[in-house]
Amino acid sequence: MRPSGKSLVRATLVAAAGAGLVLGAMRLPASWAVRTEAGAAADPSSAGAPALTGASVVCVGSELMGARGVDDVVLGGSVLAATAPAQVLAGLQLSAKPGAVRIAPLASGKAASSSVTKQRGAALSYDYTGARAVMVTGTQSLAAGLVAGQQWAVSSDTVRGLVSSACGEATSDAWLLAGGGDPGRQERLLLANPSPNPVTVDVELHGAKGLVDSPNGGDIVVPPRSRVNFLVDAISGTEPTPAVHISTRGGLVRAVLNDTWLDGTRAAGSDDAGPTAPPSTHQVIPAVPVNGMARVRVAVPGDQEAVVQTRALTAEGPKALPSGGVTRVAGGAVADIDLTGVPNGFYAIEVKADVPVVAGASVSRRAALDEVGDFAWIPSARPAPRLLGMAVPQHQPGVPGTPARSLGLTASGDDVVAEVLVVTEKGVATGQRMTVTSDTVADVKLPVGTASVWVRRLSGGELRGAVVTQIPAAPSPFITVTSLAEPVLESTASRVVPLP
């Protein structure tokens, strides 16, 4: 963190009409599970919940701009948003009033620019610059099923990377795992406040020996409809296994941790890490494409030592790690579990512990230590009760090459029957139905021209997913992994949505 000087799974395809994702439109059942603020599920057909009239997600914007004491790296990115196609919302009560999806900078006054669509299922993009967060809102008939993400790519002498993160709802508590203590490595914590009131954030840094003692990190005030870019080096610049915990007072924030590494004179990569799944004795990281250096990071939020068992989930089932996969991690501490010896391939990683933990993974693409490279951070994911989605960028102007994308899906607890719906730039939706066997991972190739992807859990156990994007380049490819988002589908009495 210290600055330098300067399926792969057994899948049953049902009613397939050709190879890959070229299948007919799907008819979906009328019952849907709806997430409440606490993550519980309810059946709208019996609960009688009112139609959702407003939804919003926050994107943190340019990660390398706005940090005190550090020169800005001026680069632009794109926010992509999409709403779920009508066929995956069958049986859901939607607002009868016409709605719109809008992407605009997060600001106290009227936005100077924005992108708008009034068509359900359409993908929407917005190019951003400057040190401001971005808000994506859906209203009335287009409020339900809204997802968004941000992405950028650059290849320069000082920064090289393909960087992505899902936009999401603000929260009062989050764990973010990324970074290291190498010279030239910096972690920047982005805190975006979508509300009209200031929010106070406390930032704790955990490391190999536990909580890092520092007077910095407490009482960070994020102004209304604004963001703060906090350099984690203010707490420690040499921690080899950083894990950041944020908690808020007076409101909610969206938090993302960026890890950028300039290894001497070589740009070694950059990526974002979004919040992990909440602390639990069972964590699953859904899409981990191993091809070179890879590791799993585990942090223990409580004071009690954790006995952690880690295994790889493959197309054929779970596989033990070469080291055995059992690690003891002290209470409050963080440990990296090396995946050296795991054959190259597409995996999910399962982490089980006797006390609650949080987890994430990283994979590297670097031909040699004297070459430039890139890396990706993948947080653990909580299971989706019913629907997951992602708006997919079409190209990355910062680097040449055509992105290749894979959708990683993993099942836990029991086999999962799911449907994958792909929407093209022209709005054509095709899909496949598949069975993902418990404790395996599926690698679904997404065709060029995909504008959004949706995964609907029909029955069975727990389902998690993420999209791996790689762009070929010499000497090392670019890589990022984007978590699928769980869109809000219907209003609940326990949930309050901040609107601009």
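Okay, let's start at a loop: aspartate 439 sits in the one between strand 30 (429-436) and strand 31. When I say strand or helix, I mean DSSP runs numbered from the N terminus, with helices being H or I of at least four residues and strands being E of at least two. Aspartate 439 isn't a glycine, yet it has a positive phi of about 65°. It counts as buried because its relative accessible area is 19%, where buried means under 20%, exposed means over 50% and partly exposed is in between, using a 1.4 Å probe and protein chains only.

Quick word on what you're looking at. This is a predicted model, so local features need pLDDT of at least 70 and side-chain atom pairs count only at pLDDT 80 or more, while totals for chains, interfaces and linings use all residues. Residues are numbered from 1 along each chain as its sequence is written, and side-chain values use heavy atoms, with hydrogens and water left out.

Now the overall picture. The protein chain has 1 helix and 33 strands. Of its 500 residues, 59% are buried. The accessible surface is about 18800 Å², and 53% of that belongs to carbon and sulfur atoms; those areas come from the Shrake-Rupley method with a 1.4 Å probe, and for residues only the protein chains shown count as cover.

Back to where we started, and on into strand 31. That strand covers residues 441-446, and 5 of its 6 residues are buried. Strand 31 pairs with strand 29 in the antiparallel sense, over 6 bridges. By pairing I mean that DSSP finds at least two bridges between two strands. One example: threonine 410 has valine 441, in strand 31, as its bridge partner.

Stay on strand 29 for a moment, since glycine 408 is found there. Is glycine 408 buried or exposed? Buried, because its relative accessible area is 0%. Leaving out residues up to four places away in sequence, glycine 408 touches Pro286, Ala287, Phe346, Ala442, Arg464, Gly465 and Ala466, with contact meaning heavy atoms within 4.5 Å. Valine 467 is 59 residues from glycine 408 in sequence, but their C-alpha atoms are 6.0 Å apart.

Next, a hairpin. Strand 18 (residues 254-263) and strand 19 form it, with 2 residues between them, and glycine 264 in the turn has a positive phi of about 70°. The two strands run antiparallel, paired over 7 bridges. Strand 19 (residues 266-273) is largely enclosed by the rest of the structure, because 7 of its 8 residues are buried.

Within that hairpin, aspartate 259 stands opposite aspartate 271 in strand 19. How buried is aspartate 271? Its relative accessible area is 0%, so it counts as buried. Beyond its neighbours within four places in sequence, aspartate 271 has contacts that include Leu162, Val163, Ser164, Phe375, Trp377 and Thr480. Aspartate 374 lies 103 residues away from aspartate 271 in sequence and 8.2 Å away in space, C-alpha to C-alpha.

Leucine 162 comes up again with glutamine 396. Glutamine 396 is in the loop between strand 28 and strand 29 (404-424), and it counts as buried because its relative accessibility is 7%. Its contacts, again not counting residues up to four places away, are Gln151, Trp152, Ala153, Leu162 and Ile471. From glutamine 396 to leucine 162 it's 234 residues in sequence and 8.5 Å between C-alpha atoms.

So where's the empty space? Rolling a probe the size of a water molecule over the atoms shows where it is left. A cavity here is a set of points, on a 1 Å grid over the protein atoms alone, where a 1.4 Å probe fits but cannot get out, and lining residues have an atom within 4 Å of a point. The largest cavity holds about 70 Å³. Its lining includes Leu80, Gln151, Ser164, Met390 and Thr482. Which strand gives the most to that lining? Strand 9, with 4 residues.

Two last oddities. The peptide bond from alanine 474 to proline 475 is cis, with omega near 0°, and proline 475 is in the loop between strand 32 (450-471) and strand 33 (478-483). Then there's arginine 225, not a glycine but with a positive phi of about 45°, in the loop between strand 15 (220-222) and strand 16 (226-231).

Terms used:
1 Å grid on protein atoms, 1.4 Å probe; cavity = no way out; pocket = protein on both sides within 12 Å on 5 of 7 lines; lining within 4 Å. Points joined across faces, edges and corners; volume = space filled by probe spheres on them.
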